[in-house]
Every structure is written in C-alpha cells, then in structure tokens.
Amino acid sequence: MCGIIGIVGRSDVAARLYDGLTVLQHRGQDAAGIATVDGSRFRLHKGTGLVSDVFANDGVRELTGRMGIGHCRYPTAGSAGSDEAQPFYTGAPWGIALAHNGNLINTEALRREVFEQDRRHVNTESDSEVLMHVLAHELAERGALTPASALAAVGAVHRRCKGGYAIVSLVLGLGLVAFRDPNGIRPLVLGKRETPEGDEYAVASESVALDLLGFKLVRDVKPGEAIVVTADGQLHAEVVAEPGRFAPCIFEFVYFARPDSMIDNVSVHKARMRMGQKLGEKILRLRPDHDIDTVIPIPDSSRDAALEIANVIGVKYREGFVKNRYVGRTFIMPGQELRTKSVRRKLNPIPLEFRNRVVLLVDDSIVRGTTSQQIVQMAREAGAKKVYLASAAPPVRHPNIYGIDMPAAEELVAHGRTEEEIQRHLGSDWLIYQDLPDLETAVSGPKNRIASFDTSCFSGDYVTGVAEGYFDALKGERSDAAKAARG
C-alpha cells in the first residue's frame, strides 16, 4: 500500500505535493519521492525514509515546475532499498515519470514481455517499473502524443496488466496521466481548484490530501478510467477498460485510510462507526449479561468502532494506551522482528484504566497477531482482571495480493486456526470477530453505495482470479523469511 498524488497547477507545485504526501504518510513509511516537470525536463528527488526526512535540507526548492507527482512507499514487492523509491523515470518515448499504488499479479509474465517483445530494460524488481515500461511502450505504439492517444494507451495497459493499481504519471509534452484498475480495488480521487489564472486539478489516493491543499473533491476516478490533464489545464477522461466487477478493497476502510477521507463516496469515519455498531450488537447476542467494565481502543484506527461498541453495550469508553507518535504503524513495517520490537515502543498502558477491571480491547483487525499478543499481555501487567479482545474485521486467513503486505498465509495468525485456538494463542479471555456480512453492510452503509468489495484476505475470493502456483511464488519472494534472507 502506498500513497500517491499528482497536481497540474498554475504555479510551482512541489511544496503542495510535499504537504499532500505528509497527510498520506500513513500509507507508507519506507520511502518517498517527488517528480516535477520544468519546461522540457524532469526534476526528481527521492529516497528512503519519511517524507520529512527525504525532503530535509531544502529538497523541495529544487523541484520547480507547475506539474508534478509524489509517492510515499510501503514495500510489498521487491526490496525496501532506495533503488525502488518512486517515482520511476524512463526517457523513451518523450520522457515518463510514474508512481504506483497497488500490486500486479502477472508481473513476471509482463517482465518477459517487456524485455522480449517491447525491447525495454527493467532495472529493479519492482512491479511499478514494469508497469511504467508497459505504459511507455503503449504510448510509443500510438505515434503522435495527444490526449486521445494517451487514453488509448492506458486502455492497452489495462488489457495487459492484472491486479489492483492506481497510477499517477507525467508525460513530457502532454501532462498528467492517471488511472485506476478495472475493478477499482485501489482508491483514487479527483479534485479541482479554481484560481484567477485558471483551473487546477489534482488526483490522490485519499480525499484528505485534496482537503489540505484546497481542492474540491469532484469524484472518485472510475474503475478502468483514464484521466489526462494537459499542461495548460484541460481535463480529458474516459473509461478505457472492459467493464469489470467493481470491488474496492474493504481493508482500506478497516485500517489503511484516514477517518477523515472519503473513498468511493463513503465516509471512512462513518464506516468504522457502523463496524462498531455491528460488533456491539454481536457482543450482546453472544453475551447479553456480559461483565465488561470498560471498552478501550488500541489506537488509532479502532477508536471510531470502540466508541460505538461502548454505546451499544452500555459501558464506559476509556483511552487506556498512550501512543508514541514517532514510531510508525507496526503492521506496515517490513520484517517480523522490527514489528515485534516496535509494539512496546509504540504503546504504553495507563494502569488506572486497567486495574481490577474487565476490559474489552478493540482493534481494527488482527493480522499476524504480533501486536495483539503483546497488547493483551500489557493489559494484564497493568492490572486487568480479564482481557477481552474484539476485532472490527473478520479473521484474516488468506494472503492479500493487491498491495497489502500479507503475502504468506502461514504468517497470518488466523490461518489454520479456529477462533478458540486464536484466542488461546493471543492469550485473551475472550475473542470476538466481526462477521464478514456485517463488515460489508457497515462499509456499504444504509444507502448501499457499494454492492461488492475485495474481501480476499477474509474470504479467499480474488476478484481478478489467480494463476496456479502464484501463491507459492509469492511466498518465496515476499514472506518475512524471504525478505530476511535477502537482507
């Protein structure tokens, strides 16, 4: 999972791209980069680390130009090294810079095609670079560079690429080209800002980036749609892919997105509140005479759900953990050892809220179980009589292949275990999971804005289909053990 943003403005955009990336930082903390167009050349700065670290020492000032794209990286494919920081760049044809959120599931086949048929060299292990070369080839195949030819080239990219992806790219001599996969798995929003000099446009992973920068949210980019904004601010948009099943990633609403974002016309904040309502109702069905004294969220993304659970079951909501803001999100840290070490650095309990109480800890989800296991133990050490644990999401039993770091089923705590076995493994006195139909209802909302979701990590239903042997190859490339072996 990564954060992407692109702007076509009427003045230099680098500072705004930087600000936009800071509010998308939760989507990736491994690397960051910005590319701008200044006349007939690209200006590019990228590196490993947080946005503020990469662009320290006046890194933004060098990035002149009225068009640009930005990226903050969360590694799922390839290595976590600086050679895979984005945006990527290629000089032919015309010059293209590209940033990508998501994951392709036919990367190796595409890599061979790009080399053997398209005669292009891929320099890294990143599927993002492969996708860039596919786009570059399709642009070259269409001759003259026009908005219409760029839209047609993106249509060809959709036919060749398989997976979940959202893209922002710069094409010299044209402008900004952005697009979203045909199933709409990865999010992308379009914004507009009116100025005395003319309209400005922006695309981003989440609407919160548009809010910060003063852009009005126009709409979500449609599944399979291509957006072209020319250097003079003209917008061209067309759905250029064959119709697919619209299935946005439900995990965006569970964990990844900020609560102040709108994704596919759904408020993340309201979706999480409804998750809490549904889970509270389940608790009352299972234990109408429960002995819970206090509901405590595991910060940050479970707060909305925890508050609604407390309201539904009629007990106190309390903040029981203090979070160190200078430690990243443990789920998206590469490597099990780093995740394990970071949990206690990240959270510290307030003993007053635990002592001699039956507490219900609420988390947005339980993936590897690393964090949950340690937090349950921390609650006991803080004096809790009993520790119950509730997950606003169902058990995560299957790998995610569309850009979330769940590559190996064996690394998932729910894989091959019953809920009772998971409870014993985590050390809680009671474990309550959300039911998948309730989660889907909670996100879709009373107006049923979304008919279906990508729920593959819960259900094992992969909207794109999966080739035989894919999961074995994925485990060999992207499991924690494989990453550790590569160093």
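This passage describes a six-stranded sheet, two helices and three buried residues in a predicted model.

The model is predicted, so local features are reported only at pLDDT of at least 70 and side-chain atom pairs only at pLDDT 80 or more, while totals for chains, interfaces and linings use all residues. Residues are numbered from 1 along each chain as its sequence is written, and side-chain values use heavy atoms, with hydrogens and water left out.

Helices (H or I, at least four residues) and strands (E, at least two) are DSSP runs numbered from the N terminus. Strands count as paired if DSSP finds at least two bridges between them. Six strands form an open sheet in the order β5-β6-β7-β8-β12-β13. The pairing is antiparallel. At the edges lie β5 (88-90) and β13 (235-239), each paired on one side only. Neighbouring strands are turned by 15° against each other on average, direction ignored. Axes here are lines fitted to C-alpha atoms, for helices over the stretch in contact, and angles run from 0 to 180 degrees between N-to-C directions. Within the sheet, β7 (residues 163-171) and β8 (residues 175-180) are joined by six bridges. Alanine 166 has arginine 180 of β8 as its bridge partner.

Helix α4 (residues 127-141) lies across β5, β6 (96-104), β7 and β8. The helix runs at about 125° to β6. Helix α8 spans residues 268-286. At 1.5 Å a residue, its 19 residues should cover 27 Å (1.5 Å times one less than the number of residues). The end C-alpha atoms are 27 Å apart, which agrees. Buried residues (under 20% relative accessible area, 1.4 Å probe, protein chains only) in α8 include Val268, Met275, Leu279 and Ile283. Arg272, Arg274 and Lys282 are also buried.

The loop between β8 and β9 (189-195) holds arginine 186. Its relative accessible area is 0%, so arginine 186 is buried. A polar atom of its side chain lies 2.7 Å from the backbone oxygen of tyrosine 402. Asparagine 183 is found in the loop between β8 and β9. Asparagine 183 counts as buried because its relative accessibility is 10%. A polar atom of its side chain lies 2.8 Å from the backbone oxygen of arginine 245. Beyond four places in sequence, the contacts of asparagine 183 (heavy atoms within 4.5 Å) include Pro223, Phe246, Val463 and Thr464.

Glycine 3 lies in strand β1 (residues 3-8). Glycine 3 is buried, with a relative accessible area of 0%. Glycine 70 is 67 residues away in sequence, yet the C-alpha atoms of the pair are 8.1 Å apart. Among the contacts of glycine 3 beyond four places in sequence are Leu21, Arg27, Gly70, Cys72 and Ser205.

Technical notes
Buried < 20%, exposed > 50% of the residue type's maximum accessible area, 1.4 Å probe, protein only. Polar contact = N/O pair within 3.5 Å; in protein donor to acceptor, adjacent residues only side chain to side chain.
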